[in-house]
Amino acid sequence: MTQKILVLPGDGIGKEIVAEAIKVIDVLSADFGLDVELEYADIGGAAYDASGHPYPEDTKKKAATADAILLGAVGGYQYEDLPRELRPERGLLAIREDLDLFSNLRPAILNETLADASSLRPEVVAGLDIMIVRELTGGIYFGQPRAIETNESGERFAYNTMVYKESEIERIAHSAFKIAMQRGKRLCSVDKANVLEVSELWREVVIRVSAEYPEVELSHMYVDNAAMQLVKEPKQFDVIVTGNLFGDILSDAAAMLTGSIGMLPSASLNASGMGMYEPIHGSAPDIEGQNIANPLATIMSVSMMLRYSLDNAALAQKIDDAVNKVLEQGYRTADIYVDGMKQVTTTEMGDAVVAALKA
Ligand code: IPM
Ligand code: MG
């Protein structure tokens, strides 16, 4: 049966990198029997420009019937002065919440050929393969109450609420333990239980869930130490599970271990396996329209989509192999370029992946 992919290019470099991922999907359809139908909609600043809202009704409707969603990125300088509720980022948070995409998988894998592009010594990062499981629809990002207010003496103050229900911790813990079972069977839960009650509960629930996964070796780490350990000795990690805010921060750090934030795909899944797939980097408005962005994270997001939502691991593997091949052949966008390699544009990188797929 034809599966429906909703494509949300978004803002900044989003449109450019998504276009390359679509080339890949088109080849898989034309030459390898992939049976999908693409539908497009707006999100973020592009949606605000078109219809006055970062997550418009039309997008919401299309999302509700999609088997999977491919997203570019949201955000841009021109939207920074909009009221919070209309900013591009709200569109992203709204679709995550709307579809209950609580389980965010962010793999940090160092392609061997890119060890030189990392800012860390090659021996520290060679062979790196970490999966960060970030809770995506709870915690301080969504907790109520939240506001900026003015007190009696006229001073402004602001607050957010970091809150997790047991059920929210349980379901993300199950996601993480299941992934650990398919990998190295080691799970590190990251929290701030020495300071925060919400982390105390987090830790207690993760330990409780661990009883159902006796084969997985569970450890706990405070987030400050985890940030340090990620850059000191990143290969000690197999799977990391953490809350929304900590996961946002640690996944950017983990991304850089791999040489460039332009190399990391992600999956955001709900309980039924429906998912949204996006590169973890942002819209990079500073390089928009220059045809220099790295499309590989988006292309690898399509691979994750095939694996996790479209039940087609064979074609996912084809994409991964093609990406490895172009890197071995020395093709590099500016962000991963090192001396002696072939520097290519966004579109040339997409073409190279397509050629590798067809070869
Ligand atoms: C990410 C991004 C988003 C987040 C922003 C754009 C709202 O940084 O996906 O990591 O904080 O979740
Ligand atoms: Mg982030």
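## Loops, domains and a ligand in a predicted model

Ala284 sits in the loop that runs between strand β12 (275-279) and helix α10 (296-308). This residue is worth a look in the backbone, since Ala284 is not a glycine and yet has a positive phi of about 40 degrees. Please keep in mind throughout that the model is predicted.

A second backbone detail is found at Pro145, in the loop between β5 (129-135) and β6 (147-150). The peptide bond joining Gln144 and Pro145 is cis, with omega about 0 degrees. Pro145 also takes part in a polar contact: its backbone oxygen is 2.6 Å from a polar side-chain atom of Thr161. Thr161 itself belongs to another loop, the one between β7 (156-159) and α6 (166-182). Leaving aside residues up to four places away in sequence, Thr161 touches Gly139, Ile140, Gly143, Gln144 and Pro145. Both partners of the cis bond, Gln144 and Pro145, are therefore among the residues in contact with Thr161, contact meaning heavy atoms within 4.5 Å.

Let us now step back to the whole chain. It is divided into domain 1, made of residues 1-102 + 265-359, and domain 2, made of residues 129-257. Taken over C-alpha atoms, the centres of domain 1 and domain 2 are 25 Å apart. Across the boundary, 10 residues of domain 1 meet 14 residues of domain 2. About 1100 Å² is buried between domain 1 and domain 2, and carbon and sulfur atoms give 62% of this area. On the domain 1 side, the residues that lose the most area to domain 2 are Arg96, Phe102 and Ile280, which together account for 51% of what that side buries.

Arg96 leads us on to ligand 1, as this arginine is one of the residues around that molecule. The full shell consists of Glu89, Leu92, Arg96, Arg106, Arg134, Tyr141 and Asp248. By class, the shell holds 5 charged and 2 nonpolar residues, with no polar ones. Helix α4 (residues 88-98) is the element that gives the most to this shell, with 3 residues. Domain 1 and domain 2 each supply at least three residues to the shell around ligand 1.

Which side chains place an N or O atom 2.8 Å or 2.9 Å from an oxygen atom of ligand 1? The table lists them.

| Residue | Side-chain N or O atom to an oxygen atom of ligand 1 |
|---|---|
| Arg106 | 2.8 Å |
| Arg134 | 2.9 Å |
| Asp248 | 2.9 Å |

How much of the ligand's area does the protein cover? Taken alone, ligand 1 exposes 320 Å², and the protein buries 78% of that.

To put the pieces side by side, Arg96 belongs to the shell of ligand 1, and Arg96 is also among the domain 1 residues that lose the most area to domain 2.

Notes. Residues numbered from 1 in each chain as written. Chains lettered and ligands numbered in written order. Predicted model: local features only at pLDDT ≥ 70, side-chain atom pairs only at ≥ 80, totals over all residues. Heavy atoms only, no water. Near = heavy atom within 4 Å. Polar contact = N/O pair within 3.5 Å; in protein donor to acceptor, adjacent residues only side chain to side chain. Areas by Shrake-Rupley, 256 points an atom, 1.4 Å probe, with all protein chains shown as cover. Helix = DSSP H or I, 4+ residues; strand = E, 2+ residues; numbered from the N terminus. Nonpolar A, V, L, I, M, F, W, Y, C, P; charged D, E, K, R; others polar. Domains from an automatic or database assignment. Buried area = accessible area lost by both parts, 1.4 Å probe.
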